Amino acid sequence: MRILAIYIEHDEPEATKRLEIDVSREAGYWQFSRLLASAHLDEIRILGESLSAIGVARTLVIAGRFKKTRALGRPAPALRQTGDEAYPRSAPFIFINPRPDPDAFA
């Protein structure tokens with residue numbers, strides 16, 4: 001049960017990073033939570049291998065109540081795509097593709 005985190009850190013806004021995380025284990029929960037809470041994280045898009053993986057990611061995002069203050073003059077999110085869920089409701093920076101994408105893990 002894997003998720004793919006595609007993210008941008010504010011100290012390197014031109015570099016998109018990718019991290020595959022196994023959320024079927026507790027270590028994956030912690031790794032994902034630490035990534036979401038990172039002070040360097042600017043925005044993140046999450047793809048899931050299955051509906052279960054997406055459910056785990058969504059649960060951790062909602063339970064964590066993560067927030068960021070968006071800098072003035074900062075461009076609109078670059079990773080968000082049509083149909084993505086966006087969190088938190090005000091000033092979203094976490095985007096979840098609600099449809100499984102197993103091809104992203106091939």
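Hi everyone, this is a short walk through one protein structure, from its central strands out to its largest pocket. Please keep in mind that we are looking at a predicted model.

Let's begin with strand S3, residues 41-48. Eight of its eight residues are buried, so S3 is largely enclosed by the rest of the structure. Which strands pair with S3? One partner is strand S1, residues 2-9, which runs antiparallel to S3 and is joined to it by seven bridges. The other one I want to show you is strand S5, residues 94-96, which pairs with S3 in the parallel sense over three bridges.

If you would like some landmarks on screen, try a few facing residues. On the S1 side, Ile3 stands opposite Gly48 in S3, and Ile6 stands opposite Arg45. On the S5 side, Ile46 of S3 has Ile96 standing opposite. S1 is mostly covered as well, with seven of its eight residues buried.

Now please click on Arg45, which sits in strand S3. Is Arg45 buried or exposed? With a relative accessible area of 9%, Arg45 is buried, because the cut-off for that word is under 20%. What does its side chain meet there? The Arg45 side chain makes a polar contact of 2.6 Å with the side chain of Asp84. Setting aside neighbours within four places in sequence, Arg45 is also in contact with residues including Leu4, Ala5 and Ile6, as well as Leu79, Gln81, Phe95 and Asn97.

That last name takes us to Asn97, in the segment after S5. Asn97 is buried, with a relative accessible area of 9%. Not counting residues up to four places away in sequence, Asn97 touches Arg45, Ile46, Leu47, Ile54 and Asp84. So Asp84 turns up twice in this story, as a contact of Arg45 and as a contact of Asn97, because each of them has heavy atoms within 4.5 Å of Asp84. The Asn97 side chain also has a polar atom that lies 3.0 Å from the backbone nitrogen of Arg99.

Next, let's go past the end of S3 to Glu49, in the loop between S3 and H2. Glu49 is partly exposed, with a relative accessible area of 24%. Its side chain is joined to that of Arg2 by a polar contact of 2.5 Å. Which residue 56 places away in sequence has its C-alpha 7.0 Å from that of Glu49? The answer is Phe105. Leaving aside neighbours within four places in sequence, Glu49 is in contact with Phe105, and also with Met1, Arg2, Pro100, Asp101 and Pro102.

Let's move on to the loop between S4 and S5, where we find Pro88. Take a look at the backbone here: the peptide bond from Tyr87 to Pro88 is cis, with omega near -20°. Ala91 lies in the loop between S4 and S5 too. Its phi is near 55°, a positive value in a residue other than glycine. Ala91 is partly exposed, with a relative accessible area of 36%.

Following the chain onward, we reach Ile94 in strand S5. Ile94 is buried, with a relative accessible area of 1%. Leaving aside neighbours within four places in sequence, Ile94 is in contact with Leu36, Ile44, Ile46, Val61, Phe66, Glu85, Ala86 and Tyr87. Asp84 is 10 residues away from Ile94 along the chain, and their C-alpha atoms are separated by 9.4 Å.

Ile94 also leads us to our last stop, the largest pocket. Rolling a probe the size of a water molecule over the atoms shows where empty space is left. The largest pocket has a volume of about 180 Å³. Which elements give two or more residues to its lining? They are helix H2, residues 51-64, and strand S4, residues 85-87. In full, the lining residues are Val61, Ile62, Arg65, Phe66, Lys67, Ala86, Tyr87, Pro88, Arg89 and Ile94. You will spot both ends of that cis peptide bond, Tyr87 and Pro88, in the lining. By class, the lining has seven nonpolar, no polar and three charged residues.

To recap, we started at S3, with eight of eight residues buried, and ended at a pocket whose lining includes Ile94. Thanks for listening, and enjoy exploring the model!

Terms used: Residues numbered from 1 in each chain as written. Predicted model: local features only at pLDDT ≥ 70, side-chain atom pairs only at ≥ 80, totals over all residues. Heavy atoms only, no water. 1 Å grid on protein atoms, 1.4 Å probe; cavity = no way out; pocket = protein on both sides within 12 Å on 5 of 7 lines; lining within 4 Å. Points joined across faces, edges and corners; volume = space filled by probe spheres on them. Helix = DSSP H or I, 4+ residues; strand = E, 2+ residues; numbered from the N terminus. Nonpolar A, V, L, I, M, F, W, Y, C, P; charged D, E, K, R; others polar. Buried < 20%, exposed > 50% of the residue type's maximum accessible area, 1.4 Å probe, protein only. Pairing = 2+ DSSP bridges. Polar contact = N/O pair within 3.5 Å; in protein donor to acceptor, adjacent residues only side chain to side chain.
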